[in-house]
Amino acid sequence: MENTLSNEKEIPVFGWAARDSSGILSPFSFSRRANGDRDITIKILYCGICHADVHFAKDELGHSIFPMVPGHEIVGEVIKVGPNVTKFKIGDIAGVGPFCGSCGSCSNCEKGWESYCSKAILTYNAHDHDGSITYGGYSNKIVVNEHFAIIMPKGLPLEGAAPLLCAGLTVYSPMMHHGLCQSGQHLGVVGLGGLGHVAVKFAKAFGMKVSVISTSPGKKKEALERLGADSFLLINDQQQLQEAKDTMDGIIDTVSGPHSLHPLIDMLKTCGKLILVGASITPPVLPYMPLMFGRKIIAGSAGGGMKESQDMMDFAAKHNITADIEVISMDYVNTAFERLAKNDVKYRFVIDVANTLN
Ligand code: NAP
Ligand code: ZN
């Protein structure tokens, strides 16, 4: 999926970057490649703050490249299209998620599993095809091959839809892939954060029974009353865990910190599936006896493909699914990072880039 570069000049861009593993962001000027033949240039309107942005900015996963402009939940207006672009025209609203490139020809790409291509390129903190560093959506413009942008459906509020580009896709993709999307199935969602709360919304739209498994008693009321979960379990309440044993067809684990998998495996029915999507820094201990004797499956999942991204967003539009958000200005981002690390947001920060990045 390489771009043919035209003779045009690189595009000057302004954003906020982390300079080192303190993760503190500050204003940063840089440039992006000129709009290639299959590229679109997007004027960024909104960008969600994923917990991965905090992990990467603080170098918690160990391969951060500084300076780093985070952001992979990007929504904006198309302001330029290359001559070979077919999907977009100027004025359209496009979305960009965690991936902005792949080889385009391997078996994963052919299946539409771009995020599993060995040459997949992250939207930020990665090397692009030309060797340059990719910079994300905490910035005023982005240039991307049209294949890695999706069409934002009309009718969905853009600020609430932006987080779906990563949070939504990350939970929707394994639910579809593992068949955890059937009406009447019972799904556990561990961690009611950015990913978790949209997992509840997708699962309810699929007609599933949903149990939220949380560390935060303060989230119970709205999990049940507003998000529509069927039950709410506290992970350290032994009686609740006992009662939930052998009841769930699948569990999506979105937890961003160290935690035990054992009680989760116990909640699965025979052949149940535990899908890990949270990026806990400490590797989990694998309790293999309950896995073997329950014929249970533990799987991981990262992002999703581009067709799947479009399907997810179209499904969200059909069912009126958006993230619950707190819209912030660009200069609030460092406070937002601190609050996100302390589990103090319901449930996603979204930066109003167009109006506050000056
Ligand atoms: P988030 O908004 O911070 O939500 C994480 C939730 O996990 C929290 O709200 C909290 O829920 C729970 N939690 C946090 N720390 C915990 C701990 N130490 N023990 C138990 N529970 C804890 O984060 P997010 O943006 O949803 O992202 C979640 C994780 O997924 C991050 O690690 C992120 O990097 C990763 N991620 C992975 C992918 C992928 O492709 N696989 C994509 C995006 C993000 P309760 O208050 O309900 O307990
Ligand atoms: Zn993300």
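## Tyr 332 and its surroundings

Tyr 332 is placed in the loop that runs between strand E16 (325–328) and helix H11 (333–341), and the model in which it is seen here is a predicted one. With a relative accessibility of 26%, Tyr 332 counts as partly exposed, because a residue has to fall under 20% to be called buried and over 50% to be called exposed.

When its neighbours within four places in sequence are left aside, Tyr 332 is in contact with Arg 339 and Phe 349. Tyr 332 can also be compared with Thr 356, which is 24 residues away in sequence, while the C-alpha atoms of the two residues are 9.9 Å apart in space.

## The chain as a whole

The protein chain contains 12 helices and 17 strands, and its C-alpha atoms fill a box of roughly 65 × 40 × 40 Å when this is taken along the principal axes. A compact globule of 358 residues would have a radius of gyration near 21 Å, and the 20 Å found for the protein chain agrees with that expectation.

Of the 358 residues, 55% count as buried, and the accessible surface of the chain comes to about 14,900 Å², with 52% of it belonging to carbon and sulfur atoms. Among the contacts with a separation of 6 or more, 68% are between residues that are 24 or more positions apart.

## The zinc ion

Which residues of the protein act as donors to the zinc ion (ligand 2)? They are Cys 50 through SG, His 72 through NE2 and Cys 166 through SG, and these donors lie 2.0 to 2.2 Å from the ion. Along the sequence, the donor residues follow the spacing C-x21-H-x93-C.

Cys 50 lies in the loop between strand E3 (39–49) and helix H1 (51–57), whereas Cys 166 lies in the loop between helix H3 (158–161) and helix H4 (167–177), so this pair ties together parts of the chain that are 116 residues apart in sequence. Both cysteines are covered: Cys 50 counts as buried at 5% relative accessibility, and Cys 166 is buried with a relative accessible area of 6%.

## Aromatic rings

A search of the whole structure finds 11 aromatic pairs. One of them is formed by Tyr 138 and Phe 337, whose rings meet edge-to-face, at 6.3 Å from centre to centre and with 70° between their planes. Tyr 138 belongs to the loop between strand E7 (121–122) and strand E8 (141–145), and Phe 337 to helix H11, so the pair ties together parts that are 199 residues apart in sequence. Tyr 138 counts as buried at 0% relative accessibility, and Phe 337 counts as buried at 2%.

Elsewhere, ring pairs link Tyr 172, Phe 202, Phe 206 and Phe 315 into a cluster. A charged side chain also takes part in a ring arrangement, since Lys 111 lies over the face of Trp 113, at 4.6 Å from the ring centre.

## Details of the backbone

The peptide bond from Phe 66 to Pro 67 is cis, with omega near -5°, and Pro 67 is placed in the loop between H1 and strand E4 (74–81). Another cis peptide bond runs from Lys 346 to Tyr 347, with omega near -10°, and Tyr 347 sits in the loop between H11 and strand E17 (348–352).

Asn 343, found in the loop between H11 and E17, has a positive phi of about 65° although it is not a glycine, and at 41% relative accessibility it counts as partly exposed. Arg 295, also not a glycine, has a positive phi near 45°; Arg 295 lies in the loop between helix H9 (288–293) and strand E15 (297–300), and it is exposed, with a relative accessible area of 62%.

Definitions and conventions
Residues are numbered from 1 along each chain as its sequence is written. Chains are lettered from A and ligands numbered from 1 in the order in which they are written. This is a predicted model: local features need pLDDT of at least 70, side-chain atom pairs count only at pLDDT 80 or more; totals for chains, interfaces and linings use all residues. Side-chain values use heavy atoms; hydrogens and water are left out. Helices (H or I, at least four residues) and strands (E, at least two) are DSSP runs, numbered from the N terminus. Buried means under 20% relative accessible area, exposed over 50%, partly exposed in between (1.4 Å probe, protein chains only). Contact means heavy atoms within 4.5 Å. Rings of Phe, Tyr and Trp (its six-membered ring) pair if their centres lie within 6.5 Å; planes under 30 degrees apart count as stacked, over 60 as edge-to-face and the rest as tilted. A charge sits over a ring if NZ of Lys or CZ of Arg is within 6 Å of the ring centre and within 35 degrees of the ring normal. The radius of gyration is taken over C-alpha atoms; the globule rule is 2.2 Å times the number of residues to the power 0.38. Accessible areas come from the Shrake-Rupley method with a 1.4 Å probe; for residues, only the protein chains shown count as cover. Donors are N, O and S atoms within 2.8 Å of the metal (3.2 Å for Na, K and Ca); water is not among the atoms, so sites may look incomplete.
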